[in-house]
Amino acid sequence: MVDKTKKIKGIDGWLSFFMLMLFLGAIVWSIKFIFKGWLLSSEESGIYEIMIFLISMVLAFLVIYSLVLGFKEKKGFPIWAIVFLWADVVATIILSFFDNDYSDVFVATIWAIIWTWYLKVSVRVKNTFVK
């Protein structure tokens with residue numbers, strides 16, 4: 001039997017997996033931002049490269065900001081993490097228009113739905129992010 005008096009709290013369990021995925025996302029979007037910015041100086045860069053640069057800049061900011069809030073256990077973390085998840089879906093849709101490859105849209109949407117649900121209903125999330 002589970003002890004109801006003990007609070008489930010802290011970055012552990014599925015929340016630690018989610019934080020790891022955010023950390024990896026921060027690395028990926030930051031690298032895309034840096035390299036696409038570097039490649040924009042080339043004469044062959046077009047609207048697609050500019051879009052990737054701008055989208056990666058916004059997503060890198062959102063995911064890094066979410067991580068900072070998460071590790072400080074701030075109350076705003078779940079909201080900003082959800083904003084990042086759905087901004088990633090929107091970015092995936094926008095970039096899919098350019099390369100006509102919509103295969104990632106479904107995965108990004110399912111990922112956002114699952115983690116939005118988790119961040120909204122998890123007792124651990126509610127108990128952890130209270131500062």
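This tour moves from the whole protein chain to one surface patch and then to one buried residue.

**The whole chain.** The model on display is predicted. Begin by selecting the entire protein chain, which has 131 residues, and colour it by secondary structure. Five helices and zero strands should appear, in the order α-α-α-α-α from the N terminus on. Turned along its principal axes, the C-alpha trace spans about 65 × 25 × 20 Å. Among contacts between residues at least 6 apart in sequence, 72% join residues at least 24 apart.

**The surface.** Next, display the accessible surface, which comes to about 8,400 Å². Carbon and sulfur atoms account for 72% of that surface. Colouring by charge picks out 13 positive and 10 negative side chains, and the centres of these two sets lie 22 Å apart.

**Helix α1 and the patch.** Select residues 13-39, which form helix α1. Within this helix, highlight F23; F23 counts as partly exposed because its relative accessibility is 44%. Then add L20, L24, I27, I31, I34, F35, W38 and L39 to the selection: together with F23, these residues make a nonpolar surface patch of about 900 Å².

**Helix α2 and V63.** Move to residues 47-71, helix α2, and select V63. Is V63 buried or exposed? V63 is buried, since its relative accessible area is 0%. Now show what surrounds V63: leaving aside neighbours within four places in sequence, V63 is in contact with L22, G25, A26 and F84. To finish, draw a C-alpha to C-alpha distance from V63 to G25; the two residues are 38 apart in sequence and 7.0 Å apart in space.

Terms used. Residues are numbered from 1 along each chain as its sequence is written. This is a predicted model: local features need pLDDT of at least 70, side-chain atom pairs count only at pLDDT 80 or more; totals for chains, interfaces and linings use all residues. Side-chain values use heavy atoms; hydrogens and water are left out. Patches are made of residues with over 30% relative accessible area and no salt bridge: like charges are joined within 9 Å, nonpolar side chains (Val, Leu, Ile, Met, Phe, Trp, Tyr) within 5 Å. Accessible areas come from the Shrake-Rupley method with a 1.4 Å probe; for residues, only the protein chains shown count as cover. A salt bridge is a side-chain nitrogen of Lys or Arg within 4 Å of a carboxyl oxygen of Asp or Glu. Helices (H or I, at least four residues) and strands (E, at least two) are DSSP runs, numbered from the N terminus. Buried means under 20% relative accessible area, exposed over 50%, partly exposed in between (1.4 Å probe, protein chains only). Contact means heavy atoms within 4.5 Å. Lys and Arg count as positive and Asp and Glu as negative; His and the chain ends are not counted. The place of a charge is taken as NZ of Lys, CZ of Arg, CG of Asp or CD of Glu.
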